[in-house]
Amino acid sequence: MAKKLNYQPNHLATALRKGKSNLVGVIIPRNNSNFFSSVVENIEGVLNEKGYNVIIAQSNESYDKECDCIDALLSAQVDGIIASMASETTNLKFYKKIKEKGTPLVLFDRGENDLNVDYICIDDYESSFKVVEHLVEQNCKRIAHIAGFDKSRIYKDRAIGFKDALVKYNLPIENDLIIESNLRLEDGRRIMQQLLNAPEKPDAVYAAGDYAALGALQVLKENNIRIPEDIALIGFSNEPFTSFVSPSISTVNQHSEHMGKLAAETFLELIENPDKKTSLNRITLNTELIIRDSSNKTT
């Protein structure tokens with residue numbers, strides 16, 4: 001009779017009755033990134049095996065949109081939220097709202113220690129340090145950094161690692177060579193052209209995101225700049241296109257598959273051990289510097 005009448009269960013009513021919806025909200029800054037899509041795929045794979053369905057929300061790097069996403073997921077009675085913060089987010093009141101409701105919260109990639117929740121990330125500082133060390137080994141002496149906005153912890157840490165490595169190798173920190181942006185392809189193009197128009201050009205460019213690195217690569221090729229002989233180039237995130245373009249782009253692999261699985265497993269642990277004392281469980285994953293043609297002058 002249910003089939004004949006095309007009956008559809010009211011999952012919200014069921015969640016209210018049982019106190020469990022088997023829904024998990026996942027908030028990501030954007031879905032056009034292989035890194036975030038890979039993390040979500042692996043979160044979903046782990047949670048589906050345990051009977052959970054995933055609702056994906058996208059903030060588009062907007063704080064206001066992120067707040068709306070949180071409200072919508074809480075209204076849907078999700079059993080927990082796994083999130084990576086928008087680049088605009090500095091006010092944590094909506095994330096604190098999740099905790100106040102007693103809803104399990106796990107952060108990945110972008111998060112703030114002030115929330116005192118489980119958090120899976122990479123060592124952004126050390127990753128940037130490795131990038132500069134590699135460029136120094138290639139005899140680069142004037143290294144520019146296409147940075148993300150430093151109100152985001154990950155980009156702030158990447159910039160600090162960049163500067164500290166310059167100091168270690170007795171290279172000058174030149175503020176006009178450190179330019180913040182949203183790290184989109186068009187940002188990489190604009191900043192690379194700005195660097196080429198300067199009286200003294202850099203001999204290497206490190207972009208804190210692969211799309212910005214791709215934009216920089218396009219401008220370098222349009223200006224007949226030899227890569228890496230004249231200007232070496234490195235990105236960050238190991239987007240698939242970095243290995244396909246010519247020259248292939250050196251980058252940092254964040255191991256998104258492992259991060260996604262760990263985020264899901266951490267959520268399941270919170271669900272299965274509800275009496276566990278809430279404390280910061282920060283899991284820091286190692287990264288891998290992938291050296292390709294765009295920065296390797298020794299080949």
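Val26 touches Val40, Ile43, Val54, Ile55, Ile56, Ala57, Leu73 and Ile82, when residues up to four places away in sequence are not counted. The model in which these contacts are found is a predicted one. Val26 belongs to strand 1, and the notes below move from that strand to helix 2 and then to a separate site around Ser250.

**Val26 and strand 1**

- With a relative accessible area of 0%, Val26 falls under the 20% cut-off and therefore counts as buried.
- Although 31 residues separate Val26 from Ala57 in sequence, their C-alpha atoms are 6.1 Å apart in space.
- The burial of Val26 goes with that of its strand, since strand 1 is mostly covered, with five of its six residues buried.

**Strand pairing and the crossover**

- Strand 1 and strand 2 run parallel and are joined by six bridges, and within this pairing Leu23 stands opposite Asn53 of strand 2.
- Between these two strands the chain passes through helix 2, forming a β-α-β crossover that is right-handed.
- Strand 1 also pairs with strand 3, again in the parallel sense, over four bridges, and here Gly25 is placed opposite Ile81 of strand 3.

**Helix 2**

- Helix 2 covers residues 34–49, and its 16 residues, at 1.5 Å a residue, should span 22 Å, which agrees with the 23 Å that separates its end C-alpha atoms.
- At the N-terminal end, the helix is capped by Ser33, which has a side-chain oxygen 3.2 Å from the backbone nitrogen of Phe35.
- After helix 2 comes Gly51, which has a positive phi, near 90°.
- The buried residues of the helix are Phe35, Phe36, Ser38, Val39, Val40, Asn42, Ile43, Val46 and Leu47, and two of these, Val40 and Ile43, are also contacts of Val26.
- The elements that cover these buried residues include strand 1 (23–28), strand 2 (53–58), strand 3 (80–83), strand 4 (105–108) and helix 9 (256–272).

**Ser250**

- Ser250 is located in the loop that connects strand 9 (232–234) with strand 10 (251–253).
- Despite this loop position, Ser250 counts as buried because its relative accessibility is 0%.
- A polar atom of the Ser250 side chain lies 2.7 Å from the backbone nitrogen of Arg292.
- Arg292 also appears among the contacts of Ser250, which, leaving aside neighbours within four places in sequence, are Leu233, Ile234, Gly235, Ile290, Ile291, Arg292, Ser294 and Ser295.

Technical notes: Residues numbered from 1 in each chain as written. Predicted model: local features only at pLDDT ≥ 70, side-chain atom pairs only at ≥ 80, totals over all residues. Heavy atoms only, no water. Expected span 1.5 Å × (residues − 1). Buried < 20%, exposed > 50% of the residue type's maximum accessible area, 1.4 Å probe, protein only. Contact = heavy atoms within 4.5 Å. Polar contact = N/O pair within 3.5 Å; in protein donor to acceptor, adjacent residues only side chain to side chain. Pairing = 2+ DSSP bridges. Right-handed = clockwise from strand over helix to strand, strands pointing away.
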